[in-house]
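Student: Please take one part of this model and go through it closely, saying what surrounds it and how far the coordinates can be trusted. I would rather have one connected account than a list.

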Amino acid sequence: MEQLSLFDREMPQPLAAKLRPTTLEEYVGQAHLLGNGKVLRRLIEQDQVSSMIFWGPPGVGKTTLARIIANRTKSSFIDFSAVTSGIKEIRTVMEQAEKNRQYGVRTILFVDEIHRFNKAQQDAFLPFVEKGSIILIGATTENPSFEINSALLSRCKVFVLQALTAQEIKELLTHALKDQRGFGNQTVRITDGLLEMIAVFANGDARNALSTLEMVVLNGEMDAQGAVTVTKETLEQCTMRKSLLYDKKGEEHYNLISALHKSMRNSDPDAAVYWLARMLEAGEDPLYVARRVVRFASEDVGLADPRALQIAVAAYQACHFLGMPECNVHLTQAVVYVAMAPKSNAMEVSYNEAKADATKDLAEPVPLVIRNGVTGLMRELEYGKGYQYAHDTDEKLTNMQCLPDALVGREYYRPAGMGEEAALKKRLEEIKAWKKAHAAKMKE
């Protein structure tokens, strides 16, 4: 719960707090939710807000949006932290909310990091949400499906907030330089390119970007007239990052991830580790790199070495737990492993070919033999008639048709001969030979 001390008035506010938007018109980002005609904007404008969960990465405006909703709907706003509060504090707040309700005032209870509450603490909100004493707005960086009690989650609408784009963050930075609450009252000389670098380094986090801007301005070179000049060297010193990564249009970002991917595909661990280091030391988000390695593990390695996916996912989890710089060794381990692994692109090829047929023939009916006849009418219509249970056979195989009639004989998965997929290739050939032989016997 937000508490004030006698000294709060003396403490200077960070730039992000000074510039916190107070209206939807000032709010930047989340156009998929707050654009004209979008669902959340309509709920706010029509004053039909109910309990909800905001799920998204840090610095995308979850708290700010909750405050805007409270102002727009003329509700009492209580800022509650799951990190510092327990059952006792919840009950105190609920008592206040109940008094507000008796006086005809709605209470919006904003719970930051709601996933940190245990089951008992989350359950404490339930009766008050159900009877309307509070409108609960929870914020979380974790998947609500796993972190929020199902009973509470069922009473809340989940809205997914997305990381801000570099362009949106640049707009915020430009506004901060012009707004009198920011640096509008002083002359700050900073190039467009440096603003773009800050925007990209922030990785979708507006608070991070504004903090960086504030730091570089405060550490910039001031002339006799009080004008501040921010140089590239100042930015590098303040962010502790070398200027190796992004050019003005961000093209180098894509060049480097392409270089990493193609080095791994070419089984060149030395080049792969070099490009990995180039990205990480320039400030790239390790989770972004980890996601690309996870994709590579199936796109370019696949079943030639199934363990590649396990190692890539484990590296992603390590990056999530530790962050930089500690997770650099985990990413190196994953990058080297997938670079050295035998290669197969059979997973991507098979899916893309199946996707082409699936999108072209969306109405192809499921064969009756593999439909589930769970009602009498379905059984009368021959759902499941002739179904063959593979486990009832010695070979654990049947020649039952599973593809739609129009696609019979189509082959999507064609295993390569590398690594463990060589054994799968042999096994698939045996299966197809068995089915062919038994299909011939059925015709005799």
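Tutor: In this predicted model, a sensible place to begin is the largest nonpolar core, which has 52 residues, and in which L40, F54, I69, L173, I190 and L213 touch the most other members. One of these residues, L173, can be followed outward: beyond four places in sequence, L173 touches L195, I198, A199, A209, L210 and L213. There is also a second, separate core, made of 28 residues, with I311, A312, A334 and V338 among them. In soluble globular proteins, nonpolar side chains tend to be buried together.

The part I would look at most closely is strand 4, which covers residues 135-140. Is this strand enclosed or open to the outside? All 6 of the 6 residues of strand 4 are buried, so the strand is largely enclosed by the rest of the structure. The burial holds on both faces, since I135, I137 and A139 point one way while L136, G138 and T140 point the other way, and every one of these residues is buried.

Strand 4 has pairing partners that can be taken in turn. With strand 3, which spans residues 107-112, strand 4 pairs in the parallel sense over 5 bridges. Within that pairing, F110 stands opposite I137, and V111 has G138 as its bridge partner. With strand 1, residues 52-55, strand 4 also pairs in the parallel sense, here over 4 bridges, and W55 stands opposite T140 in this pairing.

Moving on from strand 4 through strand 3, one finds that strand 3 is itself mostly covered, with 5 of its 6 residues buried. Strand 3 is also joined to strand 2, residues 76-81, by 6 bridges, and these two strands run parallel; in that pairing, the bridge partner of S76 is T107.

The end of strand 4 that carries T140 leads to another residue worth inspecting, V160, which lies in strand 5, residues 157-160. V160 and T140 are 20 residues apart in sequence, and their C-alpha atoms are 9.9 Å apart in space. In contrast to the buried T140, V160 is partly exposed, having a relative accessible area of 42%. Once the neighbours within four places in sequence are set aside, V160 is in contact with Q30, H32, L33 and W55, and W55 is the residue that stands opposite T140. Strand 5 also includes K157, by its residue range, and the charged end of K157 sits over the ring of F159, 5.7 Å from the ring centre.

Other strands in the model form an open sheet of 3 strands in the order 6-8-7, with mixed pairing. Its edge strands are strand 6 (188-189) and strand 7 (221-222), each of which pairs on one side only. Strand 6 pairs with strand 8, residues 228-229, in the parallel sense over 2 bridges, and the bridge partner of R189 in strand 8 is T229.

Some details of the backbone also deserve attention when you inspect the loops. A cis peptide bond, with omega about 5 degrees, joins M324 and P325, and P325 belongs to the loop between helix 17 (307-322) and helix 18 (328-340). In the loop between helix 20 (376-380) and helix 21 (421-443) lies E382, a residue other than glycine whose phi is positive, near 70 degrees; E382 is partly exposed, with a relative accessible area of 37%. K396 is found in the loop between helix 20 and helix 21 as well, and has a positive phi of about 60 degrees although it is not a glycine; K396 is partly exposed, with a relative accessible area of 45%.

As to how far the coordinates can be trusted, the chain averages a pLDDT of 84, and 92% of the residues score at least 70. Over residues 1-7, however, pLDDT stays under 50, and the model has 9 contacts beyond four places in sequence for this stretch. Residues 243-249 also stay under 50, and for them the model has 18 such contacts. Where pLDDT is low, the predicted coordinates should not be read in detail.

How values were computed
Residues are numbered from 1 along each chain as its sequence is written. This is a predicted model: local features need pLDDT of at least 70, side-chain atom pairs count only at pLDDT 80 or more; totals for chains, interfaces and linings use all residues. Side-chain values use heavy atoms; hydrogens and water are left out. A nonpolar core is a set of buried Ala, Val, Leu, Ile, Met, Phe, Trp, Tyr and Cys residues joined through side-chain atoms within 4.5 Å. Buried means under 20% relative accessible area, exposed over 50%, partly exposed in between (1.4 Å probe, protein chains only). Contact means heavy atoms within 4.5 Å. Two strands pair if DSSP finds at least two bridges between them. A charge sits over a ring if NZ of Lys or CZ of Arg is within 6 Å of the ring centre and within 35 degrees of the ring normal. pLDDT is the predictor's confidence in each residue, from 0 to 100.
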